[in-house]
Amino acid sequence: MAQRVSGCPSGVRAAMTAMVASYLVLLSHLAAASSAEGLPSSPNALEKLIVTEFPGASACVLLLHTKGQSGCRGTAEKVPLMYYSDRVRQNGGAGGDVVLVVEEENLPEFLANLASNGSSLAKSVKGGLIVRGKGGKGRPSSFSPADVFPHKNFAPYTDGGYEWNPSGLGLLRTGRAWPPLYVLTEEESEAFREMAEWNRAKGYRYPQYVADLTTEMLAADQANTFECLDKSTCLPIGGYSVASSLPPPTPASASGAAAVDDECVLVLAQVGDSNVFHGLNKGAESSISGMVAAAAAYEAVARSFKDRGVAPSRRLAFALVGSEGYGLSGSRRLVHDLGNASHAIAGCRLSQVSFVVEVGPVGLAAPNKGGAREYYLHWTPGAREANQSIYSAFEEAADDSEGRAVLRTPVGTPGIPPSSLMSFSNHSNIRGLVFADFERRVKNPYLSSYMDDGENYDVSSVYIAAELVAGALVKVAFDGDDAGQRIDRELLNSTVVGLSDCLLTSKPGMQCDLVQRVADSYLTRASLYPGIVSYEAADDQNPNDKTDLVRFLWGYLATRAAGLADLSDVGGAPPCDYPSGKLKCPLAGQVCARWRSQESGSKSKNGRCVAANVQYAPAWSHHLTYTVGKDGYGKWGVNGTAGAILDEIWTESYWPPYTPTALVYMKEGFAYELGLFLAGSALTVCWFYAMGRASRHIAKELKQT
Amino acid sequence: MGFLACAGYTLVGAGPPAAIFYEFIVSSPFVLLVSLASAFFWVTVLLANSVVWRSLSWMTHQGQTEALRVLPLISFFATEELLRPMVFRQTKRATAALERRAVALRHPRLTKLERVRIFLGIGAGQGVAHSCLFFLNTVVTSYRGTYYNQDTCPQMPYFLVAAISTCAMFMVLSFAMVLTSVVFESAQAGPTMSTSRGGDLRKLLPCALHAAAVLISFLNMAKGGCLVSSVLNALLVGAVVWMAARLVRDLARGVQ
């Protein structure tokens, strides 16, 4: 047997060569363009490849109002994904449980379908993931969850059938909430589309991508605000308005209060709208456009007053009203509080208010044939005739704009459009106007939706509106005694552009200079959601429980009130500890405003004393009561019943930690998994048996030899 | 249902190895000890290799990612093969020492098959090291969901490919070490054995077997290669079992 292996026999060598050759051929045939993505290098990397999370997605959470629920609640576990368009094609929507992948252009149709009674789709849909196109592409022509006549219940006229917002779907104040819905960011959408395409390519059969959606809400079982506040599973949506009047008080004379009874003109603007998707609350056209125009006008008017040097005959009280998307909560609270004769907003009592100017949506005024932008003045009944001076002030301001703006009076409308001004309708002696970019129908195709963002906003339109409003307000304040002063257009322009950048972008967002100088904020994207109010603070002027945006607006109004030629001069004002501390402002009529000076180091104090009549005003319903029990715990309640209260009193449900979350991963079908398990078990059992037999056989052989 | 899938993949990848381990290694405490020591040794070897490659990863260039994926695997293979003669010699010395002790205590000497079993233990330890580092640590993730590598293998789940590959590698490594004990021994044995040239060539047999398994795993990097590699792995297991059966039969009959 020694020669058996004297060398590899030629046959074996030939076989080996053939094997190597065929292996190389095989490899070259199969090697296609390989990817840069390698095999996962560790269990963590593998897990990231398998499970996709969506940290940037915005969820829809559960809100409640006096007459029902709104928003989303529920969980979905291991539910397969399917495109909405494909689902509707099969059986008109009926079928097994599914999480729908909805392209933005199908979103209005999808939500309307979900909300309609007896929809076959609604029964089987366990959730929805909304994907976005790049740069706002792929949006539907309109998407407005608001009513066709928003705030109809508060209108001062009876024509409730008028369609201010014809594309409105009426989905904000629903009865029952929806299954979990998430809006993905643009980057997440790109990657996610590949997963949905995989499912579609596989014909929606396993192995396919499934989703785990968790939107567990503690108030899911309560039907409305009354029940959930009673069971302490929710908290009221709060928010604050910020108000300031011009000209600011001269510190020495404030204690003397010389001009206590001077006439006030109230200037209103809404801060933020409501939104089905919690984190995307903006309302660029519906609220921010008017707010930016009003705030920029405030600065320009303050500068104009300072330059003029003489106090005007009418005071202007600016109020940036919060929580207006939640049943005009802020303005209704404001009007209710003013009903108390001694209560004043920015130093103006209700008896002093002779007129209200509201700066409504002004971001979509398109140029007409002559290149001028058209703005409309919506007057309350008889207001225009009774206040000719105000009308002429606006007309003159439009003339001053050198053809950039033209003013019109709307024709064919039943009265004022949905606005904060509606809250004043109980006080028929208060007259007012709403300054807006639309006549008979709201120009905004995305009212009260997340699509009302920077893409739906024209900065030039806002600037021209701000110019017009500022010019008109100066004339109104001096009641026609115009010394021919001009509004500082450059300042106005830079403020409008700056505020728009801060509030509508994520870069620089709230980290912009304008915000950071007068407020502390770590946010990038501005959040206009008013937030909940957890307890009734003893001092509602304390900035600690206010949102970043509201604190910024307060600081902005405080520092611009004096109309300084160079804002940096605020740094030269007497220092103080903000918000409170040892060093206070010595004179009455001064407030301590946050000021971030250019000089670094702890030597400079963080606030400066500025003369301003600026204040915070709560924006939640006066029907809400906060009582502290014997155990020291406080509880919110509502003073009144559903039938008697007109206020909508919105609340937000509590939710557990790690909620809401969305996860997507691929799963095999149950048949495959069971088969795999049985095959593996069978394989193992066979091997154990075979090895046992082999072992016994070897032992037997050993015994034989 | 994630549990069923995870258990299934583990059974496919680690079930047959467990059978071998249980039947031939666990039954003898000494072999078990040797096997576990071997596992620790080979884990250390593989980890040391990984550390070197991770520290060199800063040298990655865009176009060379293909080569860089393959190089660490080749280095694992090369290190293990270069260490094989050393492992053989050390094991021989250890078993010789054990035998002297046994004889001193008037116990019977080790039979040929018992010696082979010790080497099987070493090889199985090597297989366990591979399983732990390349399969068992990731198969737990199959509980969360499945994964198909879209570019190279959309036909089979990653975990299934890994399971079959691991099972085959275990078998190959275990048997390769057994083969080592035979072919390396025969090169040193007396004139009744083969000529030195044939002996040297035969020393490469374990290396060739290991190389075959590694080359099959390279097929996974090609588009659709995973199907081919899984089939080849299954065939390789069959071939290894057949070779093992023949070897054991020859040894039991006292034939070289």
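Buried means under 20% relative accessible area, exposed over 50%, and partly exposed in between (1.4 Å probe, protein chains only). This is a predicted model, in which local features need pLDDT of at least 70 and side-chain atom pairs count only at pLDDT 80 or more. Residues are numbered from 1 along each chain as its sequence is written, and side-chain values use heavy atoms, without hydrogens and water.

Over all chains, the structure holds 33 salt bridges, each a side-chain nitrogen of Lys or Arg within 4 Å of a carboxyl oxygen of Asp or Glu. Three of these pairs are listed here.

| Acidic residue | Basic residue | Closest N and O atoms |
|---|---|---|
| A:Asp262 | A:Arg315 | 3.1 Å |
| A:Glu263 | A:Arg314 | 3.0 Å |
| A:Asp479 | A:Arg314 | 3.5 Å |

A:Arg314 is buried because its relative accessible area is 9%. Its partner A:Glu263, at 31%, counts as partly exposed. A:Glu263 lies in strand β12 and A:Arg314 in strand β13 of chain A, so this pair ties together parts 51 residues apart in sequence. Strands here are DSSP runs (E, at least two residues) and helices likewise (H or I, at least four), numbered from the N terminus.

A:Arg314 also forms a salt bridge with A:Asp479. That pair spans 165 residues, with A:Asp479 in the loop between α13 and α14 of chain A. A:Asp479 is partly exposed, with a relative accessible area of 41%.

A:Asp262 and A:Arg315 also form a salt bridge. The two residues are 53 residues apart, A:Arg315 being in strand β13 (residues 314-322) of chain A. Both A:Asp262 and A:Arg315 are buried.

Elsewhere, A:Asp86, A:Arg89, A:Glu197 and A:Arg200 are linked in a network of salt bridges.

Methods. Chains are lettered from A and ligands numbered from 1 in the order in which they are written.
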